[in-house]
Amino acid sequence: MRLGLLGKSAQPDQHVVRLYDFQDRQIYSPGVSIPKSPDVQLDDTRARMFSQSWLEAPDEHGDFPTNGDRFAAMDLEKRQDIEGFTRKGFICQAIAAGWHHKSPEQLRELADKVGRQRIQVLHGSMDEMISVPHGETLARELGEEEGVTKIIVQGRGHVLHLEEKILYHEALQRMVEKTENLN
């Protein structure tokens with residue numbers, strides 16, 4: 001058994017640990033309801049999700065000038081999928097994420113059941129979707145001092161599995177090997 005909480009955060013607060021930072025998120029600001037052009041939406045999304053250095057780097061597959069151009073193409077293709085990418089689905093996901101929280105006690109109980117040695121928190125230092133203090137709080141409340149692995153990747157954003165594929169896969173591989181040895 002392994003615990004994977006991709007894209008989760010904890011609110012740095014003693015009473016409630018949110019698995020998404022509702023109050024800090026720009027997505028819930030009044031500006032979200034103001035229609036924006038696809039270019040502005042795309043620029044905003046890129047800036048919140050990725051580090052500028054990764055966006056400007058050459059596309060690792062060579063099909064586009066930069067990683068940012070590849071992401072733009074992927075995002076625009078996703079938006080054309082009217083069955084899979086709906087405004088209603090986006091709003092429901094945002095609302096659910098905003099109210100998804102765990103108390104420190106619930107996180108400790110979760111860590112007790114899963115086993116702290118089986119939990120890893122990966123976070124980009126430049127993540128603008130979920131701030132670093134939330135990742136640090138999540139690791140601390142799950143039990144970093146008792147075996148939870150915390151990795152903060154300097155200079156990277158929210159999408160580590162794209163920005164740092166090798167580091168991400170190596171970290172996952174180490175965790176898989178570590179947990180297999182626990183059985």
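## Exercises on a predicted fold

Asp127 touches Arg48, Arg156, Gly157 and His158, leaving aside residues up to four places away in sequence. The model is a predicted one, and the exercises below start from this residue.

### Exercise 1: Asp127 and Met49

Find where Asp127 lies, decide whether Asp127 is buried or exposed, and relate Asp127 to Met49.

**Solution.**

Step 1. Start with the location: Asp127 sits in the loop between β3 and α6.

Step 2. Next, take the accessibility. Buried means under 20% relative accessible area. Asp127 has a relative accessible area of 9%, so Asp127 is buried.

Step 3. Now turn to Met49, which belongs to helix α1 (residues 38-49). With a relative accessible area of 18%, Met49 is buried.

Step 4. Put the two residues together. Along the sequence Met49 and Asp127 are 78 residues apart, yet in space their C-alpha atoms are 6.5 Å apart.

Step 5. Finish with the neighbours. Met49 touches Phe71, Met129, Gly157, His158, Val159 and Glu163, again not counting residues up to four places away in sequence. Gly157 and His158 also appear among the residues that Asp127 touches. As for Val159, its C-alpha atom is separated from that of Asp127 by 8.2 Å, with the two positions 32 residues apart along the chain.

### Exercise 2: strand β3 and its partner

Describe the surroundings of strand β3, how β3 pairs with β4, and which hand the connection has.

**Solution.**

Step 1. Look at burial in β3 (residues 120-124). Four of its five residues are buried, so the strand is largely enclosed by the rest of the structure.

Step 2. Check the pairing: β3 and strand β4 (residues 149-153) run in the parallel sense and share five bridges.

Step 3. Place individual residues. Gln120 stands opposite Thr149 in β4, and Leu122 has Ile151 of β4 as its bridge partner.

Step 4. Follow the chain from β3 through α6 to β4: this β-α-β crossover is right-handed.

### Exercise 3: packing of α5 against α6

Work out how α5 and α6 are oriented to each other, and which residues make their contact.

**Solution.**

Step 1. Take the geometry. The axes of helix α5 (residues 104-114) and helix α6 (residues 132-142) come within 8 Å and cross at roughly 60°. The two helices are therefore oblique to each other.

Step 2. List the contact. From α5 come Pro104, Leu107, Arg108, Leu110 and Ala111, and from α6 come Leu138, Glu141 and Leu142. Sorted by character, these residues are six nonpolar, no polar and two charged.

Step 3. Zoom in on Leu142, a residue of helix α6. Leu142 counts as buried, because its relative accessibility is 0%. Leaving out residues up to four places away in sequence, Leu142 touches Leu107, Leu110, Ala111, Arg116, Ile119, Val121 and Val148.

Step 4. Add a distance: Leu142 and Gly115 are 27 residues apart along the chain, and their C-alpha atoms are separated by 9.6 Å.

### Exercise 4: the whole chain

Step back and find how many helices and strands the protein has, their order, and what share of residues is buried.

**Solution.**

Step 1. Count the elements: there are eight helices and four strands.

Step 2. Read them in sequence order, which gives β-α-α-α-α-β-α-β-α-β-α-α.

Step 3. Turn to burial: 38% of the 183 residues count as buried.

Step 4. Close with contact range. Among contacts with a separation of 6 or more, 69% come from residues 24 or more positions apart.

Conventions
Residues are numbered from 1 along each chain as its sequence is written. This is a predicted model: local features need pLDDT of at least 70, side-chain atom pairs count only at pLDDT 80 or more; totals for chains, interfaces and linings use all residues. Side-chain values use heavy atoms; hydrogens and water are left out. Axes are lines fitted to C-alpha atoms, for helices over the stretch in contact, and angles run from 0 to 180 degrees between N-to-C directions. Angles under 35 degrees count as roughly parallel, over 145 as roughly antiparallel, 65 to 115 as roughly perpendicular and the rest as oblique. Contact means heavy atoms within 4.5 Å. Ala, Val, Leu, Ile, Met, Phe, Trp, Tyr, Cys and Pro count as nonpolar, Asp, Glu, Lys and Arg as charged, and the others, Gly among them, as polar. Buried means under 20% relative accessible area, exposed over 50%, partly exposed in between (1.4 Å probe, protein chains only). Two strands pair if DSSP finds at least two bridges between them. A crossover is right-handed if, with the strands pointing away from the viewer, the path from the first strand over the helix to the second runs clockwise.
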